Amino acid sequence: MSCGMNNTQTLPQMTPAVAMIRTLGLIAALCGVIIVAAYQGTYDAVQENKRIAVERAVFKVVPAAKSIVEYFALADGKLEKVGAGETAQSGAIKFYAGYDKDGRLVGIAAEGAAKGYADTVRILFAWEPATQQVPGFGVVSSRETPGIGDKIVLDKNFLANFPLEARLRADGQALAHEIQTVKHGSKANPWEIDAIAGATITSRAVGKAINDAAQILLPRIRPHLDTLKEKP
Amino acid sequence: MSIVMSATTTDRWDEFMEGVWRQNPLFVMVLGLCPALAVTVSAINALSMGLATAFVLTCSALLVSLLRRMIPKEVRIATYIVIIATFVTVVDYLIQAISLALYDALGAFIQLIVVNCMILGRAEAHASKNPPGIAVINALGMSAGFAIGLFALGAVREILGAGTLFGISLFGSGFQPWVVMVLPPGGFFVLGMWLLVFAAWGRWRQRRQARQAEATRHA
Amino acid sequence: MHESAAQVFINAFLANNFVLAMFLGLCPFIGVSGKLETAAPMGAATTFVMLVASLCAYGLNLLLAYFNLEFLRLIAYIVIIASAVQLVEMVLKKYSPGLFRALGIYLPLITTNCAVLGVALFQTAREYDFVQSVTFAVGAGAGFTLAIILMASVRERLQLSDVPSVAQGAALSFMLAGILSLAFMGFAGLGG
């Protein structure tokens, strides 16, 4: 309609309201049936695709993992296993616990997001409870400039920032050292990220995404690490 | 359907080619611009969007044409929109079931097919006035024209902007990609360029026809 | 990640301008940008409709989420936007004939403008809360208005220029839009 169709014609004869409502109802019902059929028909395949996509992403950042259990870390500090197709309540953070073939916890993966150069950069980062380090991350979605912003997953020097220290404070309420992205060539501590020269904003987004997510999620997970240790 | 049966193959071919060429939705009528520019950063995305739009356009044309005598004139636009939105929802789920990577690449623009004025325009101007057979042929032609247009944009942008076509490197490692082509400005530039090519071609054809007409008159 | 209202606004207004970076609302952008005096009211009307659509979509989404009917979202959005615009049109006609004369002819055109549905879809996809949704709609509308006014100003000046006749019309408009879009890329990274 935005291309100039006129929908305000004067018509020679009016259709009676009852007929109009009947037809519209019929068409709406028909459309409803088509939509529900499509939704039901594709539901299994879509869920399966989502599961495969999650597994692939998590296995990439936690390479030792052979199976995954999804959890919500609730705002009140409790953990809850995620059932298929379930959506998060407000304040809950989803994370993935990766287990090796013997059912031992090898790493935790969670999503983080921060504003990059063009738009929000979403990443999936891993965290190893044993060493309290972030061994690596993968990009979930990004609209950063090709050839510049995508250096965060290609640039060898940037990837050398990992493993990155993400140690919790003794009281477990926050990280001991905030993860920070510093200017190229000035990284002095294991919790700092050396930015890529020429892609500073994207590098900073990675640091901020990991820090923001870790600061909230890790304190919630810590009391449960013992129960998480073995695959349920 | 009887009209289709009695129509000759040439008529049907003409009906089909109408959308592909003379009334190409993208390059001649300049419709459906949002998806044309937003998703054409690569040839594969462009082609997928073309197919998704084709599905919606053809299905909605068929349904509108089947129901054309039933739909009250006063609420026809609303009805068309509901029908189109239905098929867009269907295609949305189909793409999710086929490939999530593709779904993420196309993003909200799959759902925005619903406001592609080309589809509503076809429903209003053609499908509501013609029997199902002809409506579907016309819709297929338009779809093909749109998909070809998207592909032309996507291929040029991918070749120049990334040095690849369908992800296959074309120029080797020495090529410095012209990154702006896969960024928003590149979409506008490439579309402008194609419009220029089509306008020049249309003008050349007109002039040739005029010359031919002149020649026959003299003879 | 929680974006502040200011970030959402800057993002929709400049950094990811709806028209020049997201390619939404191109039909009116090319179609109505010939003259400045029509471009400005078009921008205002679109902003207004975006705000209405955003509010409707926000409420509707809560309702759909409550009943677990997410698969009806698209159809519900498009219907409610169309009805809301119709309603606005009728209310304006009755109570504010002046405003109606200024904006009225644009309202039906805007109903199914992809930028309007885009606002509704993007605010849902990004899980914006109420304040964010409203600022997003206003920012997107302001961005659209800015783009269409810039475009109209440039095209008015170009009317007197000696452009090859084959390039006149749509082709030239897109080239111009490309240059504007290039300029707007300078805003990327703003409000981060």
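What share of the contacts in chain B with a separation of 6 or more is accounted for by residues 24 or more positions apart? In this predicted model, the share is 77%. The secondary structure of chain B comprises nine helices and two strands, and their order along the sequence is α-α-α-α-α-α-α-α-β-β-α. The C-alpha trace of chain B extends over about 60 × 60 × 30 Å along its principal axes. Of the 219 residues in chain B, 52% are buried.

The interior may be considered next. The largest nonpolar core contains 188 residues, and those with the most contacts inside it are Ala109(A), Phe125(A), Ile84(B) and Leu117(C). The element that contributes most to this core is helix α8 of chain B, spanning residues 132-162, with 14 residues. Leu117(C) illustrates how contacts are distributed around one core residue: leaving aside residues up to four places away in sequence, Leu117(C) touches Leu112(B), Val114(B) and Val115(B), together with Tyr77(C), Ile78(C) and Ile81(C).

The contact between chains B and C involves 31 residues of chain B and 32 residues of chain C. On the side of chain B that touches chain C, the elements giving two or more residues are α3 (33-38), α5 (76-98) and α9 (184-218) of chain B. Among these, α9(B) supplies the largest share, 12 residues. The composition by class of this side of chain B is 25 nonpolar, five polar and one charged residues.

How values were computed: Residues are numbered from 1 along each chain as its sequence is written. Chains are lettered from A and ligands numbered from 1 in the order in which they are written. This is a predicted model: local features need pLDDT of at least 70, side-chain atom pairs count only at pLDDT 80 or more; totals for chains, interfaces and linings use all residues. A nonpolar core is a set of buried Ala, Val, Leu, Ile, Met, Phe, Trp, Tyr and Cys residues joined through C-beta atoms within 7 Å. A residue is buried if 20 or more other C-beta atoms lie within 10 Å of its own, exposed if 12 or fewer, and partly exposed in between; C-beta atoms are placed from the backbone. Helices (H or I, at least four residues) and strands (E, at least two) are DSSP runs, numbered from the N terminus. Two residues are in contact if their C-beta atoms, placed from the backbone, lie within 7 Å. Ala, Val, Leu, Ile, Met, Phe, Trp, Tyr, Cys and Pro count as nonpolar, Asp, Glu, Lys and Arg as charged, and the others, Gly among them, as polar.
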